[in-house]
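Work through these exercises with the model open. Try each task before reading its solution.

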Amino acid sequence: MKTTFPTRLTRRSKLGFAALLLGALMACSSGGTPPRDPENACSIFKERPHYRQALKASERKWGVAIPVQMALIYQESTFRATARPPKRYALGIIPKGRASSARGYAQALDGTWDEYRDGPGRAGASRSNIRDAADFIGWYVSGNNSALGISNSDARNSYLAYHEGRTGYRRGTHLSKSWLLSTADAVAVRAARYEAQLISCR
C-alpha cells in the first residue's frame, strides 16, 4: 500500500511551529544570560525594555517597588532566567542532586511556585519568564509584608522574609545568621542604588 504524505502544513501545525520558533528566538535573546550590566538599572531597561514592563506591571498590581524587586532578582539569580542551585556530589564524584528545587529569576521553590500558579499565576507561568517571575515576587513579597507588618519599600526586611518565610521571620531565625543579615544589608544598598539610577535616567 502506497503511503502519501501531506505537502501542506495544517493551520494548527503552522501555529505550533510559529510558537516554537518564537520561543526559541526569545530564549536566544536572553535565555540564561544576564544583562550586560546588571548593576545599572538604566542599562538593564535600555537593553531589555520588557523587564521594565514586567516590573512595572507587578508594582502596579502588588505595590512592591521596582527597585526592591530588582534587588531581590539580582540577589537570587543575577537576572539569569535559568539559574539553579549548584549540583551536589558525595565523595566529590557521586551526584546527589541539587541543594533545592529553586530555579529561575526569583529562585522560587517548586511548592511555592505551585501555590502561585494555583492562585494568581497565569496558566503556563514559567520561572524563566521575567513577567511571571516579577508577578511572583510581587505576590509573595506583598503577602509576606502584609502579614508581617513590613513596608513594601523596605528591601532589607522584605528580603529576610523572602528568604526565611513568614514563620521563620516571625521566629527570628534570621537573627542568628550573620551571613544572611549581611546579604540583606547588601540587598538594601542595591535597591537604593537602583532607585537613584532610575530617577536619573527617567
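**Exercise 1. Salt bridges**

How many salt bridges does the structure hold?

Solution. This is a predicted model. The structure holds ten salt bridges.

**Exercise 2. A shared partner**

Find which residues are joined with E47 into one network of salt bridges.

Solution.
- Step 1. Start with R36. Its side chain meets that of E47 in a salt bridge, at 3.9 Å from N to O.
- Step 2. Place the two residues. E47 sits in helix α2 and R36 in the loop between α1 (11–29) and α2, so this bridge ties together parts that are eleven residues apart in sequence.
- Step 3. Look at R48. The side chains of R48 and E47 also form a salt bridge, 3.6 Å from N to O.
- Step 4. Combine them. Salt bridges with shared partners join R36, E47 and R48 into one network.
- Step 5. Sort by exposure. R36 is exposed at 72% relative accessibility, because the cut-off for exposed is over 50%. E47 is partly exposed at 25%. R48 is buried, with a relative accessible area of 5%.

**Exercise 3. A long-range pair**

Determine which parts of the chain the salt bridge between R193 and E39 links.

Solution.
- Step 1. Check the contact. The side chains of R193 and E39 meet in a salt bridge of 3.3 Å, N to O.
- Step 2. Locate both ends. R193 is in helix α8, while E39 is in the loop between α1 and α2. The two are 154 residues apart, and the pair links distant parts of the chain.
- Step 3. Assess exposure. R193 is partly exposed at 35%. E39 is partly exposed at 28%.

**Exercise 4. Positive phi**

T78 and Q107 each have a positive phi: is each one buried or partly exposed?

Solution.
- Step 1. Recall the background. Most residues other than glycine have a negative phi.
- Step 2. Take T78. Its phi is positive, about 50 degrees, although T78 is not a glycine. T78 lies in the loop between α4 (66–77) and β1 (87–90). It is partly exposed, at 27%.
- Step 3. Take Q107. Its phi is also positive, about 50 degrees, and Q107 is not a glycine. Q107 lies in the loop between β2 (94–98) and α5 (110–118). Q107 is buried, at 12%.

**Exercise 5. The core**

Identify the helix that supplies the largest share of the largest nonpolar core.

Solution.
- Step 1. Survey the core. It has 46 residues; F45, M70, F79, F136, I137 and Y194 touch the most other members.
- Step 2. List contributors. Helices supplying at least two residues each include α2 (41–47), α3 (49–62) and α7 (155–171).
- Step 3. Pick the top one. α6 gives the largest share, nine residues.

Key
Residues are numbered from 1 along each chain as its sequence is written. This is a predicted model: local features need pLDDT of at least 70, side-chain atom pairs count only at pLDDT 80 or more; totals for chains, interfaces and linings use all residues. Side-chain values use heavy atoms; hydrogens and water are left out. Helices (H or I, at least four residues) and strands (E, at least two) are DSSP runs, numbered from the N terminus. Buried means under 20% relative accessible area, exposed over 50%, partly exposed in between (1.4 Å probe, protein chains only). A nonpolar core is a set of buried Ala, Val, Leu, Ile, Met, Phe, Trp, Tyr and Cys residues joined through side-chain atoms within 4.5 Å. A salt bridge is a side-chain nitrogen of Lys or Arg within 4 Å of a carboxyl oxygen of Asp or Glu.
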